[in-house]
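Me: Please take a close look at one part of this protein, the nonpolar core. Tell me what builds it and set it in the context of the whole chain.

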Amino acid sequence: MTTTHDQLGAALTAAAQRSATDAVMLHGAMADKLGLHVTDLRCLNLLRVGGPATAGELAQRTGLTTGAITRMIDRLLAGGFVRREHDSKDRRRVIITAQADRIDEIAPHYEVLAREFAKIADDYTDEQLALLLEIFNRLHETSVHVTALLREKG
C-alpha cells in the first residue's frame with residue numbers, strides 16, 4: 001500500500017465517521033420535529049423497509065432490551081404509528097406493523113433531503129454511483145458485523 005492509499009483510507013474513515021455523526025444529528029432533529037424519540041423514528045424506518053416484525057425481532061435488530069422495545073412500541077401505538085396484531089398462524093406471536101398513513105405523514109419531512117441527495121447524485125456517472133453504492137453496502141455490512149461483535153462481548 002502506498003502512502004497516498006493510506007492517506008485516502010484515513011480520510012475515508014474520517015469522512016464515514018463524520019457522515020455517521022451527521023446522520024445521528026439529522027435524525028435527532030427530524031424526530032424532535034415529529035415529536036418522537038430518535039429510536040422510535042429509526043424503528044419506524046426498520047418496519048417501513050423490512051416489513052412487520054415481532055418485538056423480539058425489533059429488539060434483535062436494534063440491540064435494545066425487550067423492556068425498552070416494549071416502551072417504544074407503546075409510544076408508537078399511542079401515536080398511531082404502529083398496530084399490534086396476533087399472528088394468524090401462531091396466536092402467541094404478536095406482530096408490529098407500521099401504519100402506512102402515518103408513515104406517509106412523515107415522508108414530506110424527508111423531501112428536502114431527497115432533493116438534495118438527488119442533486120448530488122446528478123454530478124456523478126452511473127459507474128461512479130455504482131461504486132458509491134457498493135461502498136455504502138459494504139460499510140453497512142461492516143457496521144452490522146461490528147455491532148454484533150460489540151453486543152457479544154457485553
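**The nonpolar core in context**

Reply: Start with charge. The protein carries 19 positive and 21 negative charges, and their mean positions lie 8 Å apart. Keep in mind that this is a predicted model.

Now the frame. The protein has 7 helices and 3 strands. Read from the N terminus, the order is α-α-β-α-α-β-β-α-α-α. The C-alpha trace spans about 60 × 40 × 30 Å along its principal axes.

Next, the core itself. The largest nonpolar core holds 21 residues. Within that core, Leu-44, Leu-47 and Leu-58 touch the most other members. Several elements each give two or more residues to this core. The helices on that list are α1 (3-34), α2 (38-50), α3 (55-62), α4 (66-78) and α5 (100-106). A strand is there too: β3 (94-98).

Zoom in on Leu-44. This residue falls in α2 (38-50). Set aside the neighbours within four places in sequence. Leu-44 then contacts Leu-36, Leu-76, Phe-81, Val-82, Ile-103 and Ile-106. Of these partners, Leu-76 belongs to α4 (66-78), while Ile-103 and Ile-106 belong to α5 (100-106).

Back out to the whole chain. Of the 154 residues, 19% count as buried. Take the contacts with a separation of 6 or more: residues 24 or more positions apart account for 42% of them. On the outside, the protein exposes about 11100 Å². Carbon and sulfur atoms supply 58% of that area.

Notes:
Residues are numbered from 1 along each chain as its sequence is written. This is a predicted model: local features need pLDDT of at least 70, side-chain atom pairs count only at pLDDT 80 or more; totals for chains, interfaces and linings use all residues. Side-chain values use heavy atoms; hydrogens and water are left out. Helices (H or I, at least four residues) and strands (E, at least two) are DSSP runs, numbered from the N terminus. Buried means under 20% relative accessible area, exposed over 50%, partly exposed in between (1.4 Å probe, protein chains only). Contact means heavy atoms within 4.5 Å. Accessible areas come from the Shrake-Rupley method with a 1.4 Å probe; for residues, only the protein chains shown count as cover. Lys and Arg count as positive and Asp and Glu as negative; His and the chain ends are not counted. The place of a charge is taken as NZ of Lys, CZ of Arg, CG of Asp or CD of Glu. A nonpolar core is a set of buried Ala, Val, Leu, Ile, Met, Phe, Trp, Tyr and Cys residues joined through side-chain atoms within 4.5 Å.
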